[in-house]
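User: Please take a close look at the strands of this model, at how they pair, and at where the nonpolar side chains gather. I would like the cut-offs stated as you go.

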Amino acid sequence: MWFATGEGLSKYDGTKFHAFTTKNQTSKSGSNIIEDNFDRVWYINFDGYLYYVENNQLHAFKQKNSIGYYEFGIIGNKLFTIQKNSIEVYDLKKLKKKKKIKFDNTYFKATHLSKKHFYVFTNKLLKIDSNLNTTITSLPSELVITKSIVVESHLNDLFIVSKANGQLYKYSNQTFEKEAVL
């Protein structure tokens, strides 16, 4: 079992805990733990920097900068990260940048990972699949002006809640529907 703690990324083997740290870390606490197809375990610290464990050692993923803590994504053999005004996609086998998808982060709110897609919320929704096909859908105006949202996925649908007013939206088939809140 893997945990992100104040001591860094930790693994519990059934008997004891082992904390993974490296001297390059900007901070140890983080979240968003994901195992890739190459048995590496990834997490992002709350400063927005990615790290991975390989061969029982923690390594810093090479990033230019951080724009803060935002969920990264792994789909198949691709790693999706957020940088200023772009989504950077890496080949996980070689850990090399494969593509840079530009977007205006003026209205940047959140990212979300489902089993098949990586989503980026700005004043639009960018939906990226494992083949790097990108679909762009305009957000409802209430979500554009909301600075903070919570996103959850279920099957092929997304559910988005505005933290400002609690309004719930369902995103399905490239369409947003306002849901009645009980």
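Analyst: The account below starts with the N-terminal sheet, then turns to two hairpins and the nonpolar cores.

This is a predicted model, in which local features need pLDDT of at least 70 and side-chain atom pairs count only at pLDDT 80 or more, while totals for chains, interfaces and linings use all residues. Residues are numbered from 1 along each chain as its sequence is written, and side-chain values use heavy atoms, with hydrogens and water left out.

An open sheet of 3 strands is ordered β1-β2-β3 with antiparallel pairing, where strands are DSSP runs (E, at least two residues) numbered from the N terminus and two strands pair if DSSP finds at least two bridges between them. Its edge strands, each pairing on one side only, are β1 (2-5) and β3 (17-20), and the twist from one strand to the next averages 30°, with axes as lines fitted to C-alpha atoms and angles running from 0 to 180 degrees between N-to-C directions. Strand β1 is joined to β2 (residues 8-12) by 4 bridges, and phenylalanine 3 has serine 10 in β2 as its bridge partner.

Phenylalanine 17 lies in strand β3 and is exposed, with a relative accessible area of 58% (exposed means over 50%, buried under 20%, partly exposed in between, with a 1.4 Å probe and protein chains only). Together with Met1 and Phe3, Phe17 forms a nonpolar patch on the surface with about 350 Å² of accessible area; areas come from the Shrake-Rupley method with a 1.4 Å probe, only the protein chains shown counting as cover for residues. Patch residues have over 30% relative accessible area and no salt bridge, with nonpolar side chains (Val, Leu, Ile, Met, Phe, Trp, Tyr) joined within 5 Å and like charges within 9 Å; a salt bridge is a side-chain nitrogen of Lys or Arg within 4 Å of a carboxyl oxygen of Asp or Glu.

Further along, antiparallel strands β16 (residues 149-154) and β17 (residues 157-162) are joined by 6 bridges, and glutamate 152 stands opposite phenylalanine 159. Their hairpin has 2 residues between the strands, and leucine 155 takes a positive phi near 55°. From β17, 4 bridges lead to the antiparallel β18 (residues 168-172), where leucine 168 is the bridge partner of valine 161.

The largest nonpolar core has 25 residues, of which Trp42, Phe72, Leu79, Phe80, Ile87, Phe118 and Val120 touch the most other members; such a core is a set of buried Ala, Val, Leu, Ile, Met, Phe, Trp, Tyr and Cys residues joined through side-chain atoms within 4.5 Å. Apart from it lies another core of 13 residues, including Leu125 and Leu139.
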